[in-house]
Amino acid sequence: MKLIISFILILAISGWGMANRVEAVSEIEFWTINLQPTFNDYFNRMIEQYESENTGVKIVWKDLPFAAIQQKLLSSMAGGVSPDVVNLSTEMTRPLIEKKALVAIDQINPNFADTYFAGIWQAGEYHGHVYAFPWYVSTKVIMYNQEIFAAAGLDPEKPPKTMDDIKEFSRQIKDKTGINGFIPHIRMYNEFVSHGIPLFSDEEQREVAFNTKEAVAVVQWYLDLINEEIITIEDIRGGYNEAIQRYMSGNLGMLITGPQFLSRIKTNAPAIYENTRVAHLPLGKARVINAAAMNVVIPKTSKNPQEAADFAYFITGDYAQLEFSKIVNILPSAIKAAQDDFFTAGDNTPEGIARRISAEQLQWARDMTITAKNSSKLIKAIDEEFEKAYYGKITAEEAVANMAGRWEEILSK
Amino acid sequence: MVKNIKANRVIMAYLFLIPALVFLLVFRFYPIIAGMFLGFFSYDFLGNSTYIGLANFQEAFTDRKFWLAMQHSVTYLLVVPFIQLLSILLAIMVNRKMRGGHIFRLAYYIPVVTSMVAVAITWKWVLKSNGIINSILTNVGLLATPIAFLTSPELALYSVMFVTLWKGLGFYMVIYLAGLQAVPAGLEEVARLDGAKTWQVWLYITIPLLRPSILLCTVLSAMSALKVFDEIFIMTGGGPINSSLVASLYIYQTAFKDYRFGYAAALGFMLALVVGIFTIINFKFLGKGGANRPQ
């Protein structure tokens with residue numbers, strides 16, 4: 001009798017255990033930036049595919065505005081209810097890495113690294129570990145309105161080849177048509193690196209190296225744009241959005257931005273899109289180009305870091321990135337995806353040309369985000385001193401000296 | 001029996017109060033008290049906190065940027081007299097019996113119920129160098145070059161203050177309107193019969209009787225001015241060259257950009273102190289509230 005009861009109990013317990021296993025579902029909360037509703041079909045397809053290949057895992061996808069994601073993420077982490085997989089720019093990722101708020105993904109699987117371009121993978125490195133899966137990247141191209149070029153007496157067949165060309169073309173466009181030639185989006189530390197001016201003199205990134213005449217010349221080049229009335233202070237402060245809005249309304253000759261913005265132009269301003277041509281972005285002395293990368297990270301407060309890393313690897317892997325690149329003009333950070341014929345055999349539409357150019361430029365690409373400690377403070381110091389310079393409060397020399405001085409102070413802490 | 005009824009009424013009163021009290025405790029008092037304590041810690045948002053005593057407060061006293069932001073917040077108080085004066089005038093105007101008066105009341109109140117984000121974005125467009133104001137002024141020849149309302153370090157703060165004033169006007173107008181409608185009509189009539197002119201009736205009868213409303217509105221608008229955030233965040237981001245950086249924006253940046261939550265809590269506590277001081281000053285100057293009100 002005892003045996004029968006024991007047998008029934010064992011059966012009951014194992015049955016209960018099995019029922020529990022069937023019901024056990026790991027829920028992975030996945031946050032992206034500004035991707036809904038445009039890419040709903042793509043993400044729903046990818047999520048469905050992942051869930052069918054990984055039974056027991058449920059992906060909950062949420063999309064947040066760029067301006068809100070950082071604050072929401074911090075609040076959720078402080079409250080212990082953070083998402084598991086989060087899309088962040090490299091600039092947003094760095095302070096979180098410094099605060100030890102992210103999972104070191106190379107500790108989960110050291111082989112993840114083999115999938116991605118080394119230069120982009122390393123942007124997520126800090127003190128010997130890597131904390132971010134690289135996702136899509138883009139290198140800037142020049143889009144220009146050939147009608148405006150013609151009206152300004154410029155040959156649309158001959159796009160600018162150097163930054164000085166861009167300046168001269170802009171001057172001519174402004175003189176002849178009264179509208180802006182271009183609106184730069186200036187990250188002065190990127191400009192320094194593009195011009196071959198190193199930010200640090202040591203590998204540990206403790207010694208500042210950019211307090212040079214060359215750096216002063218770079219700052220002065222931009223100040224001259226204002227002094228010579230090629231652009232206004234309001235243009236500089238407007239940034240990307242201002243430039244894209246003006247380009248789409250036919251009030252800007254050249255737009256320097258990532259090729260993914262072409263789809264926005266195509267949808268919102270089809271007539272401008274028809275008039276758009278695309279050219280390579282002139283390279284500076286260092287012959288490097290900034291590859292603005294998006295990352296996917298796993299907060300340390302994730303309750304399922306293993307599953308989260310697996311999904312993050314899937315969404316940033318060769319297959320998913322290639323599929324994503326086919327619907328929006330971005331480049332994959334995954335090596336095999338980037339080798340696909342799709343990137344070399346584009347059609348002759350502005351989007352096709354932009355894709356080819358952007359892919360060609362990948363060879364010079366480098367994520368120029370500052371990786372030193374207190375990166376956000378370093379960036380703020382540069383921005384503030386440059387701002388003082390373009391308001392005429394200080395000279396280019398003083399601006400560079402102040403930038404270097406403030407960096408030394410921040411780095412010494 | 002009577003005692004029982006009385007006790008029941010007291011219990012009922014507390015039962016009705018409890019839900020609101022719980023809500024206040026959880027969502028108001030607890031965060032305020034926890035925030036005050038956080039000011040004494042170095043906190044990294046992952047739950048790790050270290051007690052550092054008064055270090056955050058000491059740092060705040062030598063933080064030049066914080067005091068610059070605080071100075072701008074105090075400058076923002078300039079909105080208060082203008083908004084009060086204009087809303088009293090508006091209230092007096094719409095209080096008159098006239099055809100379609102309710103349309104004006106509605107029109108003045110619409111900005112109050114409009115989201116600050118929408119208002120700030122709209123005004124940002126309006127105030128741009130190629131925005132509607134500059135375009136009109138340059139086209140009619142009143143301006144040779146557009147005014148950099150939001151990109152001039154000298155003008156940016158005042159331009160945003162104007163938007164705050166524009167949006168808040170209707171809110172205070174409604175409070176004053178309620179105050180005006182409570183002013184006994186007989187008093188004004190008697191004053192007129194005694195030969196008082198319209199401005200004398202306003203100055204010696206209407207305005208003094210509005211004193212409780214003036215106190216309420218001044219305190220509310222002063223507190224709002226010192227804590228201003230949304231319009232600054234959207235329209236200028238504190239720039240250019242920190243010329244419109246106000247205390248709450250600096251506190252936000254300290255917490256969510258520099259990840260210094262303990263220090264931000266200390267700064268928040270100091271801002272709350274300043275708001276408290278200004279509120280006490282308001283009560284001192286405009287005090288007595290409804291003491292002069294005829295019974």
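Q: Which residues does Gln70(A) touch, not counting residues up to four places away in sequence?

A: Contact here means heavy atoms within 4.5 Å. By that rule Gln70(A) touches Met92(A) in its own chain, plus Phe256(B), Lys257(B) and Tyr259(B). One thing before we go on: this is a predicted model, where local features need pLDDT of at least 70 and side-chain atom pairs count only at pLDDT 80 or more, while totals for chains, interfaces and linings use all residues. As for bookkeeping, residues are numbered from 1 along each chain as its sequence is written, chains are lettered from A and ligands numbered from 1 in the order in which they are written, and side-chain values use heavy atoms, with hydrogens and water left out.

Q: Is Gln70(A) buried or exposed?

A: Look at relative accessible area: buried is under 20%, exposed is over 50%, and partly exposed is in between (1.4 Å probe, protein chains only). Gln70(A) counts as buried because its relative accessibility is 13%. You'll find Gln70(A) in helix α3 of chain A. (Helices, H or I with at least four residues, and strands, E with at least two, are DSSP runs numbered from the N terminus.)

Q: Met92(A) was one of those partners. How many residues of its helix, α4(A), are buried?

A: Count along residues 90-98 of chain A: 8 of the 9 are buried, and the helix is mostly covered. Met92(A) is on the buried list, and so are Arg94(A) and Glu98(A).

Q: What do the buried residues of α4(A) pack against?

A: Their partners, in chain A, are the helices α3 (66-78) and α18, and the strands β3 (85-89), β4 (125-126) and β10 (289-297). After the helix comes Lys100(A), with a positive phi near 60 degrees.

Q: Back to the two chains. How many residues does each bring to the contact?

A: Chain A brings 23 residues and chain B brings 22. You can also look at buried area, which is the accessible area (1.4 Å probe) that two parts lose on being put together, summed over both. Between chain B and chain A that is about 2,100 Å², with carbon and sulfur atoms giving 55%. On chain B's side, Phe45(B), Ile241(B) and Tyr259(B) supply 31% of the area buried against chain A, more than any other three residues.

Q: Where is Ile241(B) found?

A: Look in the loop between α12 and α13 of chain B. Ile241(B) is not a glycine, yet its phi is positive, about 45 degrees. At 19% relative accessibility, Ile241(B) counts as buried. Just before it, the peptide bond from Gly239(B) to Pro240(B) is cis, with omega near -10 degrees. Pro240(B) sits in the loop between α12 (230-235) and α13 (247-256).

Q: Which residues does a cis peptide bond join in chain A?

A: Try Gln36(A) and Pro37(A), where omega is about 0 degrees. Pro37(A) lies in the loop between β1 (26-33) and α2 (40-53). Chain A also has a positive phi to spot: Arg287(A), not a glycine, has one of about 50 degrees. Arg287(A) is in the loop between β9 (276-279) and β10, and is partly exposed at 48%.

Q: How many residues does helix α4 of chain B have?

A: This helix, residues 79-95, has 17. From first C-alpha to last it reaches 24 Å, close to the 24 Å expected at 1.5 Å a residue (1.5 Å times one less than the number of residues). An α-helix has 3.6 residues a turn, so residues three or four places apart point the same way. The buried residues of α4(B) include Val80(B), Ile83(B), Gln84(B), Ser87(B), Ile88(B) and Ala91(B). In chain B they pack against α5 (101-113), α8 (156-181), α10 (198-209) and α11 (211-226).

Q: Zooming out, what does the secondary structure of each chain come to?

A: Chain A has 19 helices and 11 strands, while chain B has 14 helices and 2 strands. Along its principal axes, the C-alpha trace of chain A spans about 100 × 50 × 35 Å, and that of chain B about 85 × 70 × 30 Å. Chain A has 413 residues, 53% of them buried; chain B has 295, 42% of them buried.
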